[in-house]
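Q: Please take a close look at one part of this model, the lining of its main pocket. Then follow the elements that build it into the rest of the fold.

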Amino acid sequence: MDAATAVTATAGAAAAMVWFRKGLRVHDNPALDAARRGAARVYPVFVLDPRYLRPDPAAHSPGSARAGVARVRFLLESLSDLDAGLRRLGSRLLLLRARDDVPDALCAALRDWNIGKLCFEADTEPYALARDKRVTDFAAALGIEVFTPVSHTLFDPAEIIEKNGGRPPLTYQSFLAIAGEPPKPVMAEYSELPLIGDTGEYELLPVPKLEELGYGDISQENISPFRGGETEALKRMRESLQDKEWVSMFEKPKGDPSAFLKPATTVLSPYLKFGCLSSRYFYHCIQEVYRSTKKHTKPPVSLTGQLLWRDFFYTVSFGTLSFDHMKGNKICKQIPWRQNEELFVAWRDGRTGYPWIDAIMIQLRKWGWMHHLARHSVACFLTRGDLFIHWEKGRDVFERLLIDSDWAINNGNWLWLSCSSFFYQYHRIYSPISFGKKYDPNGDYIRHFIPVLKDMPKEYIYEPWTAPLSVQEKARCIVGRDYPKPVDHEAASKECRKRMGEAYASNRLGGNTVNGKTSESSRRKSSDGGQDASDLSKSKQPKRRS
Ligand code: FAD
């Protein structure tokens with residue numbers, strides 16, 4: 001829409017709009033707080049994006065081209081809960097459907113409802129920046145006041161970059177040295193919001209049900225145990241923080257990636273992704289627990305350390321051109337990954353023949369969430385560990401299927417795991433056999449996600465191809481017929497190390513630098529920063545109380 005042709009709205013009109021995108025919450029919501037102050041009417045709006053929701057029959061699992069059904073459902077549940085939260089305050093969520101473009105739909109409402117002030121949470125993703133610029137340009141042309149606070153992250157990525165001399169800090173420690181303490185959450189107590197104003201001819205939609213969106217038969221897919229929404233987020237956070245010993249002794253690389261009935265970490269990532277939970281509020285509540293205990297772990301491995309990793313990747317991604325690509329990305333090693341569609345599809349669909357890898361990929365498709373070290377295992381396997389396939393292809397699969405899919409964090413971690421950036425110890429490879437076995441020798445996790453292996457004796461559950469035929473017959477699982485044969489890990493990982501060595505050498509010759517140093521010197525100095533566990537012995541943090 002052209003701002004010049006728009007009917008003019010009166011600047012300073014007593015109507016404000018709060019535009020929800022992420023930040024799907026009422027607590028610690030500076031945009032909502034600013035919208036309600038001094039406004040006679042507040043329009044809380046969310047625009048459904050057809051490009052996000054439109055079913056894609058060609059996709060490899062039910063959902064749209066951009067999101068699998070588990071995340072779409074999580075979003076719809078979060079919207080319903082937000083609507084309920086607003087209704088408790090005498091307001092409601094105004095759900096609009098864009099015909100094809102979100103900014104067009106939003107700008108039309110800004111004009112037609114005579115909005116004087118627009119408030120929305122700042123977003124640093126490239127797609128969001130382009131979208132938001134169109135809206136703010138339109139608002140400026142109409143004289144609408146715009147307020148865009150930073151509240152998705154602990155810190156303002158732009159501010160950190162400025163303090164670091166205009167470049168993002170490229171190590172976690174240098175990030176910490178600049179960051180300091182995050183601002184306190186805005187926890188203003190209020191019992192009501194201004195009423196919504198007249199919405200004229202606009203069709204206001206109820207939050208659709210997943211089944212209404214046309215994704216076909218999703219009965220088999222629809223089993224993710226994590227429900228969306230602010231209410232669930234706060235409940236989950238409080239339950240996690242109740243166990244003070246667990247919180248204060250939390251050490252990320254020591255958690256059990258195979259724990260699925262009671263995961264070893266908080267599973268707050270999808271709530272942080274959609275902003276159902278404020279990261280500042282979460283941080284603040286962890287600090288309260290620390291104050292009540294004698295000692296606690298520290299970043300990078302502690303629970304606050306995890307939130308700081310989140311902010312670290314947000315900051316680097318915001319300040320790095322082409323962060324989500326290998327080409328044109330100055331902090332990314334240039335590696336001649338190979339093309340092999342057959343192996344890639346086997347990885348994506350959980351058919352590599354390595355039960356540990358396949359169970360994780362099936363958990364991803366069904367639940368949209370896996371433990372961090374499980375993500376390490378499959379990302380390493382796809383890239384520098386076994387298959388030598390481009391990290392961007394794995395990133396795309398995660399981006400579509402994760403319920404916590406997050407542009408900055410996902411790309412940052414794929415860069416990390418593929419030894420393309422941040423972490424350069426490419427000789428440290430996760431074994432697709434022994435790594436999982438040390439946590440779950442009986443293979444319960446595998447049996448749960450790969451039912452065809454449920455009767456395989458524990459001696460063979462991680463390597464079913466080594467089971468004698470009589471054992472395979474008894475377990476009703478013949479390798480090569482009921483379950484695939486794998487690539488040879490020893491040979492594949494040896495080949496990967498060789499290729500990585502060559503790629504690093506040619507990056508050095510080509511003068512590709514990382515953080516202003518040559519690749520080689522960075523490699524020598526790099527450490528895993530407390531994220532990695534590929535060579536950890538079986539040390540564990542205290543189990544979570546159920
Ligand atoms: P907890 O351990 O309870 O941590 C609390 C919060 O800290 C998390 O919710 C998350 O917001 C943040 N956090 C934890 N670990 C990291 C990390 N390594 N980097 C940045 N932030 C972190 N996380 C996402 O939120 N979205 C993604 O798209 C994503 N993609 C990933 C891809 C790969 C290849 C890998 C290896 C990791 C990825 N992660 C991603 C990071 C991490 O695995 C998840 O954040 C974590 O497993 C979520 O579980 P949790 O909430 O129980 O984490």
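A: In this predicted model, the lining of the largest pocket divides by class into 18 nonpolar, two polar and 16 charged residues. Tyr counts as nonpolar in this scheme, while Glu and Arg count as charged. The pocket itself has a volume of about 900 Å³. It has 36 lining residues, and those closest to its centre are Y52, R66, R71, E125 and Y127. That closest group therefore holds both classes: Y52 and Y127 count as nonpolar, and R66, R71 and E125 as charged.

Now the elements behind the lining. Two strands supply at least two residues each: strand 1 (15-20) and strand 2 (41-48). The helices that do so are helix 2 (50-53), helix 3 (69-88), helix 5 (126-141) and helix 16 (391-401). Helix 16 gives the largest share, with five residues.

Start with strand 1. Six of its six residues are buried, so by the cut-off each has under 20% relative accessible area. Side chains in a regular strand alternate between the two faces of the sheet. Strand 1 can be read that way: A15, M17 and W19 point to one side, and A16, V18 and F20 point to the other. Both sets are buried.

Strand 1 has a partner on each side. Take strand 2 to begin with. The two strands pair in the parallel sense, over six bridges. Within that pairing, M17 has Y43 as its bridge partner. Further along, F20 is matched with F46. Helix 1 (residues 30-36) belongs to this part as well: strand 1, helix 1 and strand 2 make a right-handed β-α-β unit.

The other partner is strand 4 (residues 117-119). Strand 1 pairs with strand 4 in the parallel sense, over three bridges. Here M17 stands opposite L118, and V18 stands opposite C119. M17 thus has a bridge partner in strand 2, Y43, and a residue opposite in strand 4, L118.

Strand 2 deserves its own look. It is mostly covered, with seven of its eight residues buried. Besides strand 1, strand 2 pairs with strand 3, again in the parallel sense, over four bridges. F46 carries the link onward: it is the bridge partner of F20, and it stands opposite L95 in strand 3.

Put these pairings together and the sheet appears. Five strands form an open sheet in the order 3-2-1-4-5, with parallel pairing. Strand 3 (94-97) and strand 5 (145-147) are at the edges, each with a single partner strand, so one side of each has no neighbour in the sheet. From one strand to the next, the twist averages 25 degrees.

Some sites elsewhere in the chain also merit a check. R280 sits in helix 11 (residues 279-291). This arginine is buried, because its relative accessible area of 8% is under the 20% cut-off. R280 and D28 lie 252 residues apart in sequence, yet their C-alpha atoms are 8.0 Å apart.

Next comes the backbone. Most residues other than glycine have a negative phi, and most peptide bonds are trans. The bond joining P299 and P300 is cis, with omega about 10 degrees. P300 lies in the loop between helix 11 and helix 12 (303-318).

F422 has a positive phi, near 70 degrees, and is not a glycine. Its place is in the loop between helix 17 (407-417) and helix 18 (434-437). F422 is buried, at 10% relative accessible area. R476 also has a positive phi, about 55 degrees, without being a glycine. It lies in the loop between helix 20 (469-474) and helix 21 (489-509). R476 counts as exposed, because its 56% relative accessibility is over the 50% cut-off.

Back to the pocket to finish. Strand 1 and strand 2 each supply at least two residues of its lining. These strands also pair with each other in the parallel sense. Strand 1 has six of six residues buried, and strand 2 has seven of eight.

Definitions and conventions: Residues numbered from 1 in each chain as written. Predicted model: local features only at pLDDT ≥ 70, side-chain atom pairs only at ≥ 80, totals over all residues. Heavy atoms only, no water. 1 Å grid on protein atoms, 1.4 Å probe; cavity = no way out; pocket = protein on both sides within 12 Å on 5 of 7 lines; lining within 4 Å. Points joined across faces, edges and corners; volume = space filled by probe spheres on them. Buried < 20%, exposed > 50% of the residue type's maximum accessible area, 1.4 Å probe, protein only. Pairing = 2+ DSSP bridges. Right-handed = clockwise from strand over helix to strand, strands pointing away. Axes fitted to C-alpha atoms, helices over the stretch in contact; angles between N-to-C directions.
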